[in-house]
Each structure stands twice: as C-alpha cells, then as structure tokens.
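This report describes the strand arrangement of a single model, the helices that pack against the strands, and two residues with unusual backbone angles.

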Amino acid sequence: MTTTRDIAEPGPLMAGKRGLVMGVANDRSIAWGIARVLRGQGAGLAFSYQGGAFGRRAVPLAQSIGASIIEEADVEDLESVKRVFEVIKKKWGSLDFVVHALAFSDRNELKGRYADTTRANFEHTMVISCFSFTEISKLASELMPNGGSLLTLTYGGSTRVVPCYNVMGVAKAALEASVRYLASDFGPQGIRVNALSAGPMRTLAGAGISDARTLFHYQQHHAPMRRSPTLDEVGGAALYLLSDLSGAVTGEVHFVDCGYSTIAMPSLDTLKPSEKREKEVEPHAEKPPREAAQ
C-alpha cells in the first residue's frame, strides 16, 4: 500500500515496477515517449506490437532500452493478446502497470462528415480504439494481486467536435466512459484506471487525420502556452499516473495540451484582426431609410 513516506523516499520512481507498453509505432509515438520516461525512472518494460510493419520499428526501439519481453499482438485477435499476458505471467509472475496506446480507423473516413461513417468502419474503430482497453484491463487485472495502474490515451475530440476526427471522437468518448466504469470495477483490487489526453502532436497516428497539419498549428497557436506538448512532457504526465505519486487518482482524464482544453475561443488579439478583415471585404451597406430605422 502506498504511503506518504514511500513517495518521499529518494530514488527512481518506478524502481522495482514492471509493466507492458502496447502501441509503440516509431520514435515519435506517444507510447515511445512514455516508455522512455518510465525506463529512465527504473521500470522494467515489456512491449507488444501489432503486425510486422509496426514490428520493424517497435522491436529495435524496445531492444534499445533493454525490454525483456517483446511480443506481437493483434487486439482484433483476443487469443494473441492472451498469449502476451501468458508470457508475462510465466516470466514475471505479476504486473504493475499497462499503457494502452492503440487506436485505428480508416483514414478515408477521417474526413468529410461523421454522418457518412460506414457500419464496418464504426465497428472496426470501436473494437481497436475502445473495447480492446476493456479486454486488456481484464487480463492485466489477473496479474495485479497487489494493485496496479492502467493507462490509456484519449484526445479532446471526445467531448468537442474536431474537424476530420469523426468516428475517432465517438470511440474516444466511449473509451473515456470505459475508464470510469473500469475504475469502479477494479478499484476494490487497488487497481487504478486513468486516461491521458494530449494535444495534437506530430505522430504517425495523428498523420492519419485529414488536414492534421492545419489542426496542429491552430491548437499550437491558440493554446494558453502558445505551443504543443513535447513527448517528454506527455511521458512525465504518464509517469505521474502510473507511479505511486498518483496513488489516490482513478477514473480521471488528465489533459497534457498546454491548456488548450480550457479555451472556449481564440484570444482577442486573434479575433479583432479577423473581425477587421471581414469588415473590409464586406460590401458597404446602404443606410436604411429613416422610417425603417424608427
């Protein structure tokens, strides 16, 4: 059980803890940023990757930080996911944390209208991006006799409309609801469940969204800090949620977006010039007759 004294003791925050990171795509992915920070704080890591194409990038990265377990797993094939946890049980016996960084949707449907999403892509997106976290949480909980921490990744498009995010926004909304229900289910076992919501970042997943560069620049320029988060900053937030520092935190969505989620509209410095430009291009309206003004 975590105590104030435990937290105050010097040393790597994750020393003696071991966990699984799922979804590293390349060295710019959020999952990799999290893994690097966790390893730097003493955590032992296992990795899973989905398919050979991802494996060509993920495996060398995992090896570079001394990962002791590297397994292929396709979340649409539950048996392959179960095999990963069987390997972990055999080699480690137990598990302290899991990072779920898995999401997918047909990029051809991440443009235009959400209303045009096909049934097939809706089901595909929901299974990979949302329900897989529930299945993984259940499997992980069986290896957490002393409690643990489960973390997934979400995005602000879950609660507000983001152009071209479409069905992914719906999937992330369901994922965030899952976090709350799973936190309630596993809380009695000392297992905490949280989500981390980063702002737009230049990742492989982000590149799949139509006009991602435009969205990235807009949020970067209008966030209170006038920038986007770095991989290390997102990794640091994940470290907090996965370590004993957040021992009483569960069922939460933690934003790491330089404050953008708090903003309702751009600053006046942005709005006023825009309004001025609109007035300049508008045709000069004729003054209404005196009678119409009365």
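## The central strand pair

In this predicted model, strand β1 (residues 18-22) and strand β4 (residues 97-100) run parallel and are joined by 4 bridges. Within this pairing, Met22 has His100 of β4 as its bridge partner.

## The sheet as a whole

The pair belongs to an open sheet of 7 strands, whose order is β3-β2-β1-β4-β5-β6-β7 and whose pairing is parallel. The edge strands, each of which pairs on one side only, are β3 (69-72) and β7 (253-256). On average, and with direction ignored, neighbouring strands of the sheet are turned by 20 degrees against each other.

## Helices on the sheet

Helix α3 (residues 52-64) packs on the sheet through contacts with β2 (44-49) and β3, and its direction makes about 170 degrees with that of β2. Helix α5 (residues 119-141) also packs on the sheet, where it touches β1, β4, β5 (148-154) and β6 (191-198), and its direction makes about 170 degrees with that of β4.

## Two residues with positive phi

Most residues other than glycine have a negative phi. Cys164, which is not a glycine, nevertheless has a positive phi of about 75 degrees, and it is found in the loop between β5 and α6 (167-186). Cys164 counts as buried because its relative accessible area is 13%, where the cut-off is under 20%.

Arg226, likewise not a glycine, has a positive phi of about 55 degrees and lies in the loop between α8 (212-222) and α9 (231-242). With a relative accessible area of 46%, Arg226 is partly exposed.

Terms used: Residues numbered from 1 in each chain as written. Predicted model: local features only at pLDDT ≥ 70, side-chain atom pairs only at ≥ 80, totals over all residues. Heavy atoms only, no water. Pairing = 2+ DSSP bridges. Axes fitted to C-alpha atoms, helices over the stretch in contact; angles between N-to-C directions. Contact = heavy atoms within 4.5 Å. Buried < 20%, exposed > 50% of the residue type's maximum accessible area, 1.4 Å probe, protein only.
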